Amino acid sequence: MNPKRKQRLIIVLFIVFGVGIAVGLTMFALSQNINLFYSPTQIVKGEAPENTRIRAGGMVVENSVQRDPNSLKVTFGMTDYAENVTVEFTGILPDLFREGQGIVAQGMMDESGVFQASEVLAKHDENYMPPEVADALEKAGKMPKPEAEVFNK
C-alpha cells in the first residue's frame, strides 16, 4: 500500500470512529432526557421505574392535601380512580392546583413507593385535561363528565 492510500485510509477511519462516538454520545444524552408517562395504576403495578425521571398524572384525591407548616413541603394523593399514589412536592404549587383537579407531576419514584415530584402542572381551565391523564381515566372507566354536560342533565 502506497503512503498516500495509507494516509487516506487513516483519515477515513478517524472520521468513521469520530462519527460513531458522536452518534453514541447523542443517543446517550437523548435517552437520559426521555420522560415517559405513567398512570397511578401503572405505578402501583410496578411498571414505573424507581429513581428514573418520569411523568405521572391523575386527579388530586379529595381531602388528601397536607401542607407542612414549617416549609413548602406538600403531600397529596393522586388517583386515576382505580389506584392511588402518594406524591411529595417541595415548592410552590400552581395557582390552579386544588383537590379534584387533574394534574401532571414530573419526578421519580423512591424506594418506599412515594412519587417525589420536582414539578407539578395543573390544568388551565375546567374543560381541559392533559391527554395522558384523560387516557388513563378512560382506561379506568372513570372519566369525569365536563361541568357543562353535568348541568344540562
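Tutor: Helices and strands here are DSSP runs, numbered from the N terminus. The model is a predicted one. Ser-39 lies in the loop between strand 1 (36-38) and helix 2 (40-44).

Student: Why is Ser-39 called buried or exposed, whichever applies?

Tutor: Buried means under 20% relative accessible area. Ser-39 has 6% relative accessibility, so Ser-39 counts as buried.

Student: Which residues does Ser-39 touch, leaving aside those up to four places away in sequence?

Tutor: Ser-39 touches Gly-57, Asp-80 and Ala-136.

Student: What makes Met-27 buried or exposed?

Tutor: Exposed means over 50% relative accessible area. Met-27 is at 53%, and therefore counts as exposed. Met-27 lies in helix 1, residues 3-32. Met-27 also belongs to a nonpolar surface patch with Ile-11, Ile-15, Val-19, Val-23 and Leu-30. Together these six residues have about 580 Å² of accessible area.

Student: How do you know that Lys-73 and Glu-88 form a salt bridge?

Tutor: The cut-off is 4 Å between a side-chain nitrogen of Lys or Arg and a carboxyl oxygen of Asp or Glu. For Lys-73 and Glu-88 the N to O distance is 3.7 Å, within that cut-off. Lys-73 lies in strand 4 (residues 73-79) and Glu-88 in strand 5 (residues 84-90), so the salt bridge ties together parts that are 15 residues apart in sequence.

Student: How many salt bridges does a search of the whole structure find?

Tutor: The search finds one.

Student: Why are Lys-73 and Glu-88 called partly exposed?

Tutor: Partly exposed covers the range between under 20% and over 50%. Lys-73 is at 32% relative accessibility, so Lys-73 counts as partly exposed. Glu-88 is at 21%, so Glu-88 counts as partly exposed too.

Definitions and conventions: Residues numbered from 1 in each chain as written. Predicted model: local features only at pLDDT ≥ 70, side-chain atom pairs only at ≥ 80, totals over all residues. Heavy atoms only, no water. Helix = DSSP H or I, 4+ residues; strand = E, 2+ residues; numbered from the N terminus. Buried < 20%, exposed > 50% of the residue type's maximum accessible area, 1.4 Å probe, protein only. Contact = heavy atoms within 4.5 Å. Patch = residues over 30% accessible without salt bridge, like charges linked within 9 Å, V, L, I, M, F, W, Y side chains within 5 Å. Areas by Shrake-Rupley, 256 points an atom, 1.4 Å probe, with all protein chains shown as cover.
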